[in-house]
Amino acid sequence: MKPLFTAAVLALSTLPALAQDDVVCMATEEMEASLVDWYDETPAVMAEDGTIVWASGIGGTWTVVSYKDNGTSCALAQGDNWSPNMDADALLASLPFGQG
């Protein structure tokens with residue numbers, strides 16, 4: 001497994017992923033660079049609210065990222081076993097704290 005971009009984000013194999021206190025926020029450019037460089041993830045699907053699920057390919061890692069108007073982004077959840085059949089809105093609804 002690749003190193004985590006922060007100690008607070010844990011790679012999980014099933015949903016739901018992170019508790020609200022574990023949401024990690026940073027500058028959007030830094031968040032996206034971390035996802036690309038460390039996880040080889042790219043945008044896979046966008047939810048209705050603009051939240052994007054990044055994924056590294058079928059069976060690989062995925063990260064749910066919420067984008068804020070102030071130039072920051074928050075990793076709401078992260079896991080393994082990405083499938084292109086995953087529904088971004090259903091994934092967000094499964095989080096214990098809503099859509100961030």
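**Group meeting: a helix and its surroundings**

Good morning. I begin with Thr28, a residue of helix H1; helices here are DSSP runs of H or I with at least four residues, strands are runs of E with at least two, and both are numbered from the N terminus. The model is a predicted one, in which local features need pLDDT of at least 70 and side-chain atom pairs count only at pLDDT 80 or more, whereas totals for chains, interfaces and linings use all residues. Residues are numbered from 1 along each chain as its sequence is written, and side-chain values rest on heavy atoms, with hydrogens and water left out.

A word on confidence. The mean pLDDT (the predictor's confidence in each residue, from 0 to 100) of the protein chain is 76, and 73% of the residues reach 70 or more. Residues 1–20 have a pLDDT below 50, yet beyond near neighbours in sequence this stretch has 55 contacts in the model, a contact being heavy atoms within 4.5 Å.

Now the overall arrangement. The protein chain has 2 helices and 5 strands, which follow one another along the sequence as β-α-β-β-β-β-α. Of its 100 residues, 38% are buried; buried stands for under 20% relative accessible area, exposed for over 50%, and partly exposed for what lies in between, with a 1.4 Å probe and protein chains only. If one takes the contacts between residues at least 6 apart in sequence, 49% of them join residues at least 24 apart.

Let me return to the helix. H1 covers residues 28–39, 12 residues, and from its first C-alpha to its last it reaches 16 Å, close to the 16 Å expected at 1.5 Å a residue; the expected span is 1.5 Å times one less than the number of residues. Which residues of H1 are buried? They are Thr28, Met31, Ser34, Leu35 and Tyr39. These residues lie on the same side of H1 because they cover an arc of only 130° around the axis, the arc being that of the directions from the helix axis to the C-beta atoms. Glu29 and Asp37, on the other side of H1, are exposed. The partners against which the buried residues of H1 pack are strand S1 (24–27), S3, S4 and S5.

Glu32, also in H1, counts as partly exposed because its relative accessible area is 28%. Leaving aside neighbours within four places in sequence, Glu32 contacts Trp54 and Tyr67. Its C-alpha atom is separated by 9.4 Å from that of Pro43, 11 residues apart along the chain.

I turn to the link between H1 and strand S5. Thr28 counts as buried because its relative accessible area is 17%. Ser73, in strand S5 (residues 72–79), is likewise buried, with a relative accessible area of 0%. What joins the side chains of Thr28 and Ser73? A polar contact of 2.6 Å does; the term denotes a pair of N or O atoms within 3.5 Å, where within protein one must be able to donate a hydrogen and the other to accept it, and residues adjacent in sequence count only if both atoms are side-chain atoms. With neighbours within four places in sequence set aside, Thr28 is in contact with Tyr67, Gly71, Thr72 and Ser73. On that same basis, the contacts of Ser73 include Val24, Cys25, Met26, Met31 and Val65.

Next, the cores. A nonpolar core is a set of buried Ala, Val, Leu, Ile, Met, Phe, Trp, Tyr and Cys residues joined through side-chain atoms within 4.5 Å. The largest one has 12 residues: Ala47, Val53, Ala55, Trp62, Val64, Cys74, Leu76, Ala77, Trp82, Ala88, Leu91 and Leu92. At least two residues of this core come from each of strand S3 (52–55), strand S4 (62–67), S5 and helix H2 (88–94). Another core, of 9 residues, lies apart from it and has Met26, Ile52, Trp54 and Ala75 among its members.

Finally, two backbone details. H1 is followed by Asp40, which sits in the loop between H1 and strand S2 (42–46). Its phi is near 60°, a positive value in a residue other than glycine. Where does Asn81 lie? Asn81 is in the loop between S5 and H2, and its phi is positive too, about 65°, although the residue is not a glycine.

Thank you.
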